[in-house]
Amino acid sequence: MAKRLVYLDNAATTPVRPEVLEAMLPYLGKDAFGNPSSAHRFGRTARAGVEEAKRTIAEALGVEPGQVIFTSGGTEADNLAVIGSALAARDRGGPFRVAVTATEHKAVLAAAHAVRHLGGEEIILPVSASGVVEEAAVEAALARGVAVVSVMWVNNEVGTIQPVAALAERCRAARVCFHSDAVQALGKVPVSLTDVGCTLVTISGHKIGAPKGIGALIVRDRHAVEAIIHGGGQQFGLRPGTENVPGIIALGKAVELAAQEQAELARRARALRDDLERRLLELVPDAVIHGSQMERAPHVTNVSIPGTDSEALLMHFDLDGIACSSGSACSTGAVEPSHVLTAMGVPRELGVAALRFSFGRDNALEDVDAVVAVLPRIVEKVRALSAVLHR
């Protein structure tokens, strides 16, 4: 009998939803394959699909269709937001300086590093033990003068929800661009830009049931960013190049579904996450749930199991047919804790023993049961091996 496979790594990627695949398939076939910049009927058909997707996304997020700029994914959108806003500020004679939190996705951190390499400056904003950005650090950055403040809406490793509405308002008052990477937020927590005054917001398709390779940057002030890719005049010149029409159609449908189903998904995911955490702590009382002191997104839990290492845990779960992710990175043969946990002040011995479980729309209680069933045996094995290796 084949082993039942359990997928609990939805924060990394999700399967393409059947409804999304159905929506995009016509734009891969012979009837709607045209270049949306072409004037003939094939091009007009493709353009109509792109514009409809823009309207759908705009309505779901509370913005105008013209403010939706399609990209190849979250990484490109983050780079356009951070580097593009820094370049725009510099060209206006403003500060060539960006401020980002220490727990941002690597796409944002790397973009901030790129600004520094271009001759600008990066400010890394510290966070609390729960992963929330320190207000005093934001105020200090605004006082120095920055082109953009970038704070992730929901952290991808521990699920920390940042006070984006208050941060956006504070930046607006200081006349500073505010960017938020909402890749992990969309579909899990309410994301309404009618209520939250972000200047720039990143979304990505493959976290919500669309294919990989499509995302968008919401640009509410076209003068806030400058293009970092150069070519034709598509998308107001902010992101030139022939649009990925099937991907755009897919993103539109996925965003529509994510917005409609957000409350129900949050309810179900929270119940599964809380059940897993409760049962896990009963079996491993010295386990540590990171960020649990603050409100978190409902679909993610990050747990450290003392006396283990995450790579060994991950391997054993995988052998049992359970997919989750580690919070560590392997560099030159040595396992290092994630930058997120390090920034939160988590001790190294716990940081290298962290696992992330993340729930999606296809998960059920049976998946939690599967984890709990193998957990004691896996922890015992890994702890025994670790004790031998570190004698």
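**Group meeting: a predicted model, from two loops to the overall fold**

At 44% relative accessibility, Phe-236 counts as partly exposed. I begin with this residue and its neighbour in sequence, and then widen the view. Please keep in mind throughout that the model is predicted.

Phe-236 is found in the loop between β8 and α7. The backbone here deserves attention: phi of Phe-236 is positive, at about 60°, although the residue is not a glycine. Gln-235, in the loop between β8 (215–219) and α7 (245–283), also has a positive phi, of about 50°, and is not a glycine either. Why mention the sign of phi at all? Most residues other than glycine have a negative phi. As for solvent, Gln-235 is buried, with a relative accessible area of 8%, whereas Phe-236 is partly exposed.

Let me turn to a second loop, the one between β5 (148–150) and α6 (164–173), where Asn-156 is found. Is Asn-156 buried or exposed? With a relative accessibility of 13%, Asn-156 counts as buried, since the cut-off for that class is under 20%. If residues up to four places away in sequence are not counted, Asn-156 touches Ala-11, His-105, Gln-184 and Arg-356.

The third position is Pro-15, placed in the loop between β1 (6–7) and α1 (18–24). Pro-15 is partly exposed, and its relative accessible area is 45%. Which residues does Pro-15 contact, once its neighbours within four places in sequence are left aside? They are Asn-10, Gly-209 and Asp-362. For a sense of distance, the C-alpha atom of Pro-15 is separated by 29 Å from that of Val-196, a residue 181 places away along the chain.

I now come to the cysteines, which may interest those of you who work at the bench. How many disulfides does a search of the whole structure find? The number is 0. Two cysteines illustrate the reason. The closest cysteine sulfur to that of Cys-171 belongs to Cys-177 and lies 8.3 Å away, which is too far for a bond. For Cys-198, the closest cysteine sulfur is in Cys-171, at 9.2 Å, again too far for a bond. The cut-off for a disulfide is 2.5 Å between the sulfur atoms. Cys-171 is buried, with a relative accessible area of 1%, and Cys-198 is buried as well, at 2%.

Finally, the protein as a whole. Its secondary structure comprises 11 helices and 15 strands. The C-alpha trace spans about 65 × 55 × 40 Å along its principal axes. Does this chain have the radius of gyration of a compact globule, or what value does it have? For 391 residues, a compact globule would have a radius near 21 Å, and the protein has 22 Å, which agrees.

Of those 391 residues, 56% count as buried. Among contacts between residues at least 6 apart in sequence, 71% join residues at least 24 apart. The surface that the protein exposes amounts to about 16600 Å², and carbon and sulfur atoms supply 56% of that area. On charge, there are 39 positive and 44 negative charges, and their mean positions are 3 Å apart.

To close, I return to the starting point: in this predicted model, Gln-235 and Phe-236 lie next to each other, the former buried and the latter partly exposed.

Definitions and conventions: Residues are numbered from 1 along each chain as its sequence is written. This is a predicted model: local features need pLDDT of at least 70, side-chain atom pairs count only at pLDDT 80 or more; totals for chains, interfaces and linings use all residues. Side-chain values use heavy atoms; hydrogens and water are left out. Buried means under 20% relative accessible area, exposed over 50%, partly exposed in between (1.4 Å probe, protein chains only). Helices (H or I, at least four residues) and strands (E, at least two) are DSSP runs, numbered from the N terminus. The radius of gyration is taken over C-alpha atoms; the globule rule is 2.2 Å times the number of residues to the power 0.38. Contact means heavy atoms within 4.5 Å. Accessible areas come from the Shrake-Rupley method with a 1.4 Å probe; for residues, only the protein chains shown count as cover. Lys and Arg count as positive and Asp and Glu as negative; His and the chain ends are not counted. The place of a charge is taken as NZ of Lys, CZ of Arg, CG of Asp or CD of Glu.
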